[in-house]
Amino acid sequence: MPGSPPPALAMNPLRAVKGMNDVLPDESSRWQRIEGAFVRTMALHSFREVRTPFVEPTPLFVRTLGEATDVVAKEMYSFVHHDEPLTLRPEGTAGAARAYVQHSVHNSEPVSRWYYVGPMFRAERPQRGRYRQFSQAGAEIFGDPGPACDAEMIDMLVGFFRHIGIADSRVEINSLGTGGARERYKEALVAYLAPKVDALSEESRRRLETNPLRILDSKSPRDIEVIREAPMFQDALDADDVEHFDGVRRCLDALGTPYTVQPRLVRGLDYYTRTLFEIKGATDKLGAGDTLVGGGRYDGMITELGGPSVPAIGFAAGLERLLIASDSAQTAEGARVDAFVATLGEAAAAYALVLARELRQAGISCEVDARKSSLKAQLRRANSVGARFALIVGDVEVAEGSVQVKDLAAQLQEKVSRSHAVAAVRAQLGLEGAPKAPLEAVPPKELS
Ligand code: HAM
């Protein structure tokens, strides 16, 4: 029969891909609140939005994130289309930098402050706070090498967190230095670890060959024991790197922004230089995925992508993690609409549609109910969507050109003329520019 599903599909209803979640309307209002607060924070700090494609050429990520990183080696959704290797973006920095170079943005302004909000894809093992499709709110600054810029970014994030009800965040910072220092440190670390290879976990033994810095990040108790005495990054830094890091700390101190220097902080992507930071939330809420934000400087990426020498710094926050960590009371849903138009009888539906359009044009949000259900059922719906007023229209109102306006909180009802209905609701809602003159009220009339 046309339109009926094949038997296999009918028996196994289709579900979303593992690790990729639906956000239903009840939840999406919390998302919108956090995204809205983020966008306002960005505007206050002079960032503008960039939108880059969800799919990029695979070599973009291999070259910038690093071939041996977990993200590139194990977690990318890659495919070949018409002989072109493509990848669903696992993060936003590489695409933003690619766009910056491709459009020669450095020619039009010395400093670019960009932000983005959107989905990223990593084939990780799903668990609380870790998904295969997740959303990042991130920002990148191109063209400012100074430590003040790093401190301002960290302070902005702490302020944003407080604003969305995350008071217990912890900032950790470190400096990886520039390329030379990193290579020197890597050599010193390998020289220290090589004789102790048998004491390391299997994963770290592999990493000793491919990406030794990541061993510092290991959660394995065996590795933690071994790296306790490992050489410190700070000892490998150049004088310029030390001065830069001291500058970041001085600015954070001046701002009164609390932070901890975490000398073993390395992070999982290869592009970082100098300042590195993470902001963590409460572990009891987030478990192992307690990193809300990761960020840092990547002064070499623009040249790596064929652009001029332009320093850069950025961060990305996982929105799902922010939602878990933030105080739900502060982001709970409020009223959905100002008004609810209930209809009774055949003629009322069209009358109500015209009324609703006028209400909306006057800035009053509303829902119309033309389901032909009872007034009781419609008023129940009005309450459930949080409407302050129900505007009730039946055959009598249509015939005489009036509307029953019911204040649902005060349980007061009055009939007003159709021509005054919109102004009456605007005035009661206290909307600017509403006429001050009292409206003629007629005694409440019961509608069946
Ligand atoms: P990242 O540390 O890979 O850095 O990710 C940043 C944040 O995205 C994490 O702290 C976490 O909140 C969230 N996140 C990452 N993976 C997942 C996942 N599988 N599920 C849920 N949330 C996740 C970056 O992506 C860099 N691009 C940050 C950056 C921007 N550095 C410089 N500029």
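**Exercise 1. Which residue in strand 4 is the bridge partner of His81?**

Before the solution, a word on the model: this is a predicted model, in which local features need pLDDT of at least 70 and side-chain atom pairs count only at pLDDT 80 or more, while totals for chains, interfaces and linings use all residues. Residues are numbered from 1 along each chain as its sequence is written, and side-chain values use heavy atoms, with hydrogens and water left out.

*Solution.* Begin with the terms: helices (H or I, at least four residues) and strands (E, at least two) are DSSP runs, numbered from the N terminus, and two strands pair if DSSP finds at least two bridges between them. Strand 3 and strand 4 (residues 84-88) run antiparallel and are joined by four bridges. The partner of His81 in strand 4 is Glu84.

**Exercise 2. Describe the open sheet that holds strands 2, 4 and 3, and the helix that packs on it.**

*Solution.* First, the order of the three strands is 2-4-3, and their pairing is antiparallel. Next, strand 2 (55-57) and strand 3 (78-81) are the edge strands, each of which pairs on one side only. From one strand to the next, the twist averages 40°. Finally, helix 3 (residues 58-65) packs on this sheet and touches strand 2, strand 3 and strand 4, where contact means heavy atoms within 4.5 Å. The direction of helix 3 makes about 75° with that of strand 2; axes here are lines fitted to C-alpha atoms, for helices over the stretch in contact, and angles run from 0 to 180 degrees between N-to-C directions.

**Exercise 3. Which strands stand at the edges of the sheet of eight strands, and what is left without a neighbour there?**

*Solution.* The eight strands form an open sheet in the order 1-5-6-11-10-9-7-8, with mixed pairing. Strand 1 (48-49) and strand 8 (260-261) stand at the edges; each has a single partner strand, so one side of each is left without a neighbour in the sheet. Strand 1 runs parallel to strand 5, to which two bridges join it, and Arg48 stands opposite Trp114 in strand 5. Helix 2 (residues 25-44) packs on the sheet by touching strand 5, strand 6 (133-142) and strand 11 (312-318), and its direction makes about 160° with that of strand 5.

**Exercise 4. How many residues of strand 9 (residues 273-280) are buried, and which strands are joined to it by six bridges?**

*Solution.* Buried means under 20% relative accessible area, exposed over 50%, and partly exposed in between (1.4 Å probe, protein chains only). By this rule eight of the eight residues of strand 9 are buried, and the strand is mostly covered. Six bridges join strand 7 (residues 170-175) to strand 9, and these two run antiparallel; in this pair, Glu172 has Glu278 as its bridge partner. Six bridges also join strand 9 to strand 10 (residues 291-297), again antiparallel, and here the bridge partner of Phe277 is Gly295.

**Exercise 5. Is Gly118 buried or exposed, and which residues does it touch?**

*Solution.* Gly118 has its place in strand 5 (residues 112-121). Because its relative accessibility is 8%, Gly118 counts as buried. Not counting residues up to four places away in sequence, Gly118 touches Arg89, Phe134, Ser135 and Gln136.

**Exercise 6. Locate Val105, and state whether it is buried or exposed.**

*Solution.* Val105 lies in the loop between helix 5 (93-102) and strand 5. With 11% relative accessibility, Val105 counts as buried. Leaving aside neighbours within four places in sequence, Val105 is in contact with Ala99, Tyr100, Ser112 and Trp114.

**Exercise 7. Which residues of helix 16 (residues 375-384) are buried, and against which strands do they pack?**

*Solution.* In helix 16, Leu375, Ala377, Gln378, Leu379 and Ala382 are buried. The buried residues of this helix pack against strand 12 (339-343), strand 13 (366-369), strand 14 (389-393) and strand 15 (402-407). Just after helix 16 comes Gly386, which takes a positive phi of about 75°.
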